[in-house]
Amino acid sequence: MRITVCCTDTKTAPWIAALRDALPGAEVSEWQPGAPQADHAVVWAPPQQFLDEQRGLKGIFNIGAGVDALLKRRLPPDALVVRLDDAGMSVQMTEFVCHAVIRHFRELDAYERDAAEGKWGFRKPRQRSEFPVGVMGLGVLGQRVAHALANFEFPVRGWSRSRKELPDVQCFAGADQLDAFLAGTRVLVNLLPLTPDTENLLDRRTLGRLLPGGYVINVARGAHLVDDDLVALLDEGHLAGAALDVFRTEPLPPEHPFWRHPRIVVTPHTSARTLRDESVAQIARKIVALERGEPIAGVVDRQRGY
């Protein structure tokens with residue numbers, strides 16, 4: 001069995017070494033133009049030449065949860081595209097989102113400003129009942145985030161393309177229930193996959209339907225959000241703030257207004273990083289299962305985009 005590794009902007013040597021350890025019977029190497037055909041590929045942002053040359057792949061394993069960029073390429077027609085199910089990302093995402101929600105709810109940003117000015121003072125405690133949190137996207141990551149927020153006793157709402165039933169979460173589904181979901185949400189967490197249907201979904205219309213004083217947390221993809229609409233709603237006072245970890249252009253350009261807006265917190269796409277050891281273990285298990293003709297989780301529906 002031959003496995004090729006093609007990861008742009010990522011050091012491939014540690015991945016190759018780890019895959020060799022996990023699959024001692026396999027031939028694992030870094031892809032080079034003109035390389036022999038492989039059975040499976042482990043990729044991140046592979047060039048089109050790689051995909052054009054490796055037309056006989058059985059499986060293309062993406063070392064991340066999001067596959068939107070990969071699906072824009074011409075792919076081998078018979079290859080399964082496989083994303084990471086979790087591989088240590090869900091706990092990271094949950095930490096990040098819970099921190100962002102609690103920081104806003106407890107007004108810790110205001111206390112930080114007071115401390116910088118040497119001020120000692122208290123603010124009236126807020127009521128959790130007045131801060132319903134809406135999670136858009138109820139996959140592996142979204143479900144874990146929603147459950148964690150419910151444990152902090154926030155009212156939690158969830159919205160997804162297809163119907164989900166989760167304990168302690170009020171679930172909405174489909175385009176016909178999106179407005180109702182938004183209208184009862186004060187803190188919006190975006191964990192949707194990026195597809196043609198969800199691109200630019202967070203615009204003036206949808207964000208304007210949030211409860212007054214709404215707060216936006218985007219940890220999915222930058223292209224979900226219409227940047228100018230967010231800034232306008234912040235400046236108009238309908239939204240209280242935003243925590244943004246993903247952007248249309250990354251790194252975020254120095255001249256972008258997000259850097260300087262007093263109500264926006266910017267982090268460098270760090271909410272959930274790929275953990276190599278966990279990822280390799282998952283990929284190796286799935287390759288072995290495919291070779292045995294067994295079904296695996298994480299296979300991407302190319303039509304849906306996730």
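The following exchange examines selected features of a predicted model.

Trainee: Which residues does the UniProt annotation "domain: D-isomer specific 2-hydroxyacid dehydrogenase NAD-binding" cover?
Mentor: The name comes from an unreviewed UniProt entry. In the model, the span is 28% helix and 18% strand, and its end C-alpha atoms lie 10 Å apart. The annotation covers residues 100–271.

Trainee: What is the geometry class of the ring pair of tryptophan 120 and phenylalanine 122?
Mentor: A pair of aromatic rings is described by the distance of the centres and the angle of the planes. The count of aromatic pairs comes to 6. For tryptophan 120 and phenylalanine 122 the centres are 6.5 Å apart and the planes stand at 85°; planes over 60 degrees apart count as edge-to-face, so this pair is edge-to-face.

Trainee: Is phenylalanine 122 buried or exposed?
Mentor: Phenylalanine 122 is found in the loop between helix 5 and strand 6 (133–136). Its C-alpha atom is 8.4 Å from that of tyrosine 111, with the two positions 11 residues apart in sequence numbering. The relative accessible area of phenylalanine 122 is 73%, and the cut-off is over 50%, so the residue is exposed.

Trainee: Which arginine lies over the face of phenylalanine 131?
Mentor: Ring pairs link Phe105, Phe131 and Phe154 into a cluster. Arginine 128 lies over the face of phenylalanine 154, at 5.3 Å from the ring centre. Over the face of phenylalanine 131, at 3.9 Å from the ring centre, lies arginine 186.

Trainee: Which element gives the largest share of the lining of the second largest pocket?
Mentor: The second largest pocket holds about 270 Å³ of space. Its lining consists of 16 residues, and those nearest its centre are His104, Asp109, Arg113, Tyr215 and Ala240. Two or more lining residues come from each of helix 4 (89–105), helix 5 (108–116), strand 11 (239–244) and strand 12 (264–266). The largest share, 3 residues, comes from helix 5.

Trainee: How many residues of the lining of the second largest pocket are charged?
Mentor: Asp109 and Arg113 are among the lining residues nearest the pocket centre, and Asp and Arg count as charged. Across the lining, 6 residues are nonpolar and 3 are polar. The number of charged residues is 7.

Trainee: Which residue does a cis peptide bond join to glutamate 250?
Mentor: Most residues other than glycine have a negative phi, and most peptide bonds are trans. Here omega is about 0°, and the bond is cis. The partner lies in the loop between strand 11 and strand 12. That partner of glutamate 250 is proline 251.

Trainee: What is the value of phi of asparagine 200?
Mentor: Asparagine 200 lies in the loop between strand 9 (187–190) and helix 8 (204–208). At 34% relative accessibility, asparagine 200 counts as partly exposed. Its phi is positive, in a residue other than glycine, with a value near 65°.

Trainee: Where does histidine 269 lie?
Mentor: Histidine 269 has a positive phi, near 50°, and is a residue other than glycine. Because its relative accessibility is 29%, histidine 269 counts as partly exposed. Histidine 269 lies in the loop between strand 12 and helix 10 (276–291).

Trainee: How many Å apart in space are arginine 302 and valine 81, C-alpha to C-alpha?
Mentor: Arginine 302 is found in the segment after helix 10. With a relative accessible area of 32%, arginine 302 is partly exposed. Arginine 302 and valine 81 are 221 residues apart in sequence, and their C-alpha separation in space is 8.1 Å.

Trainee: Is cysteine 171 buried or exposed?
Mentor: Cysteine 171 has its place in strand 8 (residues 170–173). Its C-alpha atom is separated by 34 Å from that of alanine 289, 118 residues apart along the chain. The relative accessibility of cysteine 171 is 13%, and the cut-off is under 20%, so cysteine 171 counts as buried.

Note on methods: Residues are numbered from 1 along each chain as its sequence is written. This is a predicted model: local features need pLDDT of at least 70, side-chain atom pairs count only at pLDDT 80 or more; totals for chains, interfaces and linings use all residues. Side-chain values use heavy atoms; hydrogens and water are left out. UniProt positions are given in the numbering used here, feature names are shortened, and annotations may be inferred rather than shown by experiment. Helices (H or I, at least four residues) and strands (E, at least two) are DSSP runs, numbered from the N terminus. Rings of Phe, Tyr and Trp (its six-membered ring) pair if their centres lie within 6.5 Å; planes under 30 degrees apart count as stacked, over 60 as edge-to-face and the rest as tilted. A charge sits over a ring if NZ of Lys or CZ of Arg is within 6 Å of the ring centre and within 35 degrees of the ring normal. On a 1 Å grid over the protein atoms alone, a cavity is a set of points where a 1.4 Å probe fits but cannot get out, and a pocket is an open set with protein on both sides within 12 Å along at least five of seven lines; lining residues have an atom within 4 Å of a point. Grid points are joined across faces, edges and corners, and a volume is the space filled by probe spheres set on the points. Buried means under 20% relative accessible area, exposed over 50%, partly exposed in between (1.4 Å probe, protein chains only).
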